[in-house]
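Work through the following exercises with the sequence and the coordinates at hand. Each task is followed by a solution in steps.

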Amino acid sequence: MPRYDFRCRSCGATFELSRPMAQANDPAACPQGHQDTVKLLSTVAVTGAASGGAPQQAASGGGCCGGGCCG
């Protein structure tokens, strides 16, 4: 189940809730009972191994400016 971060505008507390995605934007009360909260944007970390160097450019199909015929 996804976790969502919230911040209370009344007391400044930051807290997290686990809830279904269908309820992601539902209101959430802070642990102190305040109702004025906002959902925070999450950062997503993407990790993985690099395979090779820089991305390769696609080969041109010819014609003017693509096949080396002019210039």
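**Exercise 1.** Find which residues threonine 37 touches, not counting residues up to four places away in sequence.

*Solution.* Step 1: take contact as heavy atoms within 4.5 Å. Step 2: on that criterion threonine 37 touches Phe6, Arg7, Cys8, Arg9, Phe15, Ala28, Ala29 and Cys30. Step 3: this is a predicted model, in which local features need pLDDT of at least 70 and side-chain atom pairs count only at pLDDT 80 or more, while totals for chains, interfaces and linings use all residues. Residues are numbered from 1 along each chain as its sequence is written, and side-chain values use heavy atoms, with hydrogens and water left out.

**Exercise 2.** Determine where threonine 37 is placed and whether it counts as buried or exposed.

*Solution.* Step 1: threonine 37 belongs to strand β3; helices (H or I, at least four residues) and strands (E, at least two) are DSSP runs, numbered from the N terminus. Step 2: buried means under 20% relative accessible area, exposed over 50%, and partly exposed in between (1.4 Å probe, protein chains only). Step 3: threonine 37 has 17% relative accessibility, so it counts as buried. Step 4: its side chain reaches the backbone oxygen of alanine 28 at 2.4 Å.

**Exercise 3.** Describe the surroundings of alanine 29.

*Solution.* Step 1: alanine 29 lies in the loop between β2 and β3. Step 2: its relative accessible area is 35%, so alanine 29 is partly exposed. Step 3: leaving out residues up to four places away in sequence, alanine 29 touches Phe15, His34, Gln35 and Thr37. Step 4: phenylalanine 15 is 14 residues from alanine 29 along the chain, and their C-alpha atoms are separated by 9.8 Å.

**Exercise 4.** List the secondary structure elements and give the order of the strands in the sheet.

*Solution.* Step 1: the protein has 0 helices and 3 strands, running β-β-β from the N terminus. Step 2: two strands pair if DSSP finds at least two bridges between them. Step 3: β1 and β2 pair in the antiparallel sense over 5 bridges, with tyrosine 4 opposite leucine 17 in β2. Step 4: β1 (residues 3-8) and β3 are antiparallel over 3 bridges, and valine 38 in β3 is the bridge partner of arginine 7. Step 5: the 3 strands thus give an open sheet in the order β2-β1-β3, with antiparallel pairing. Step 6: β2 (14-18) and β3 (37-39) are at the edges with a single partner strand each, so one side of each has no neighbour in the sheet.

**Exercise 5.** Characterise the link between β1 and β2.

*Solution.* Step 1: the two strands form a hairpin with 5 residues between them. Step 2: in the turn, glycine 12 has a positive phi of about 85°.

**Exercise 6.** What is the nearest side chain of opposite charge to arginine 19, and which backbone oxygens does its side chain reach?

*Solution.* Step 1: arginine 19 lies in the loop between β2 and β3. Step 2: a salt bridge is a side-chain nitrogen of Lys or Arg within 4 Å of a carboxyl oxygen of Asp or Glu. Step 3: arginine 19 is buried yet has no salt bridge, the nearest side chain of opposite charge being aspartate 26 at 5.2 Å. Step 4: the arginine 19 side chain does reach the backbone oxygen of aspartate 26 at 2.9 Å. Step 5: a polar atom of the same side chain, that of arginine 19, lies 3.0 Å from the backbone oxygen of glutamine 23.

Definitions and conventions
Lys, Arg positive; Asp, Glu negative; His and termini not counted. Polar contact = N/O pair within 3.5 Å; in protein donor to acceptor, adjacent residues only side chain to side chain.
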